[in-house]
Amino acid sequence: MRKFKTLTGAAALFLAALCAQAQNTFIVECENFQFNGDWSKTALKRERGLYSRASGTQIVTVINVKAAGEYAVWANSMDYAANMPRARNYNVLVDGEALPNKAGVHGREGLYWEKLGTVKLEAGDHYLTLKPNAQYIRTDALLFTTDADFDPNSEALDRKKLNLAPKIVESRYTNAFPEIPALLDVKGAKTFEIKNENCKMVFTQKKDENGETAFERGAEIKIHGKWVKLPPFKDELVFISSAAKARFSTGGYTGAWVQAESKLIADLSGGVELELPVAPVDPYTVGKVKPLRVRSITRKDARTLQLNFDEGATGIISLPEKGQAARLDLEYETPQKGFYSFAIKTGYELERA
């Protein structure tokens with residue numbers, strides 16, 4: 001009986017050691033990075049990973065580390081023995097500090113784990129960055145372990161158990177299309193209507209948060225011979241986006257804006273704000289954004305109105321003889337040389353039955 005107790009105690013200690021090791025070893029799958037820019041998911045042998053394009057965009061994600069300690073950091077990357085080995089390399093940064101060794105330089109054919117260095121981590125949130133040094137990088141995963149002797153190339157990895165999902169954090173663009181307070185009703189409001197046999201469009205006078213006149217669009221459509229009123233387009237706005245300089249690249253598989261006026265801000269724990277690289281594929285982050293309200297209206301004919309916006313912009317909105325598709329032509333005299341685009345936010349909310 002005494003011998004049985006001794007074996008049970010030894011087994012318990014052994015299992016406790018294994019559990020401790022498992023708690024301090026985790027894998028972050030690169031395809032799960034929250035802010036992955038213009039990198040795309042791809043198949044890497046039997047794994048899923050990320051593939052970088054030619055823009056050189058850094059990608060970022062946040063993880064929540066459960067246990068403090070000194071962690072060895074490994075990266076699993078694709079390389080090629082004969083086709084430009086060690087050329088498709090990148091750096092891994094932890095909380096903005098680059099690890100001493102590059103990833104993607106193992107010179108073997110296919111995926112291989114490389115040790116990039118060690119880093120001391122406190123329990124809590126940390127952000128990881130992949131910084132490409134070349135084009136067409138293929139990366140699978142990052143592994144963190146407090147076991148200095150652990151080698152993922154010689155160990156069987158239960159990736160599901162070791163997987164640490166990134167923490168999803170709130171983010172915003174500094175030049176994001178702003179949410180503007182709803183317009184307020186006014187007494188004796190003016191209305192301007194255009195219509196055809198299928199559709200009516202009505203602009204109703206309102207006032208904005210500063211008491212200035214603005215107009216809100218509404219519409220009715222004919223269904224089975226009866227006019228049906230749609231909810232008002234309360235959030236509808238025209239925007240103008242502008243940039244003094246804008247650079248467009250066709251160096252990748254698709255064209256992309258590689259210079260933006262806006263910034264992407266992520267909100268980390270403890271009130272910390274982190275500025276992130278802006279993905280070059282979003283045209284709406286290129287310029288500074290201004291909302292344009294409809295301030296006055298002039299009737300052209302029964303199916304056409306001229307809309308006069310802020311900043312001197314004008315628009316001609318018209319209905320066809322039949323159908324519900326309206327046409328809007330916008331015009332704007334630019335105050336200075338640069339790059340300009342119009343954008344329209346439209347639609348209405350419906351309550352679920």
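## Hairpins, a small sheet and aromatic pairs

Strands 13 and 14 make a hairpin with 5 residues between them, and Gly-211 in the turn has a positive phi of about 85°. This is a predicted model, so let's walk through what it shows, starting from that turn.

Strand 13 (residues 199-207) and strand 14 (residues 213-223) run antiparallel, and 9 bridges join them. Within this pairing, Gln-205 has Phe-215 of strand 14 as its bridge partner. Strand 13 also forms a hairpin with strand 12, this time with 3 residues between the two strands. Here 5 bridges join strand 12 (residues 191-195) to strand 13, again in antiparallel fashion, and Lys-195 stands opposite Lys-200.

How many of the residues of strand 13 are buried? The count is 7 of 9, which leaves this strand mostly covered. One residue of the chain to look at here is Cys-199, buried with a relative accessible area of 4%. Cys-30 is buried too, at 0% relative accessibility. As for disulfides, the count comes to 0.

Further along, an open sheet of 3 strands has the order 21-16-26, with antiparallel pairing. Strand 21 (288-292) and strand 26 (339-345) stand at the edges with a single partner strand each, so one side of each is left without a neighbour in the sheet. From one strand to the next, the twist averages 25°. Strand 16 (residues 237-243) is joined to strand 21 by 5 bridges, and Ser-241 stands opposite Val-289 of strand 21.

Now for the rings. The structure holds 5 aromatic pairs, including the two below.

| Pair | Arrangement | Centre to centre | Angle between planes |
|---|---|---|---|
| Phe-26 and Phe-144 | stacked | 5.0 Å | 10° |
| Phe-192 and Phe-215 | edge-to-face | 5.8 Å | 70° |

Phe-26 lies in strand 1 (residues 25-29) and Phe-144 in strand 10 (residues 138-145), so their pair ties together parts that are 118 residues apart in sequence. Both Phe-26 and Phe-144 are buried, and ring pairs link them with Tyr-71 into a cluster.

The other pair brings us back to the hairpins: Phe-192 sits in strand 12 and Phe-215 in strand 14, 23 residues apart. Phe-192 counts as buried because its relative accessibility is 18%, under the 20% cut-off. Phe-215 is buried as well, at 10%.

Which ring does the charged end of Arg-108 sit over? That ring belongs to Tyr-112, with its centre 3.9 Å away. Arg-217 lies over the face of Phe-233, at 3.8 Å from the ring centre.

Note on methods. Residues numbered from 1 in each chain as written. Predicted model: local features only at pLDDT ≥ 70, side-chain atom pairs only at ≥ 80, totals over all residues. Heavy atoms only, no water. Pairing = 2+ DSSP bridges. Helix = DSSP H or I, 4+ residues; strand = E, 2+ residues; numbered from the N terminus. Axes fitted to C-alpha atoms, helices over the stretch in contact; angles between N-to-C directions. Buried < 20%, exposed > 50% of the residue type's maximum accessible area, 1.4 Å probe, protein only. Disulfide = S-S within 2.5 Å. Phe/Tyr/Trp six-rings, centres within 6.5 Å; stacked < 30°, edge-to-face > 60°. Lys NZ or Arg CZ within 6 Å of the ring centre and 35° of its normal.
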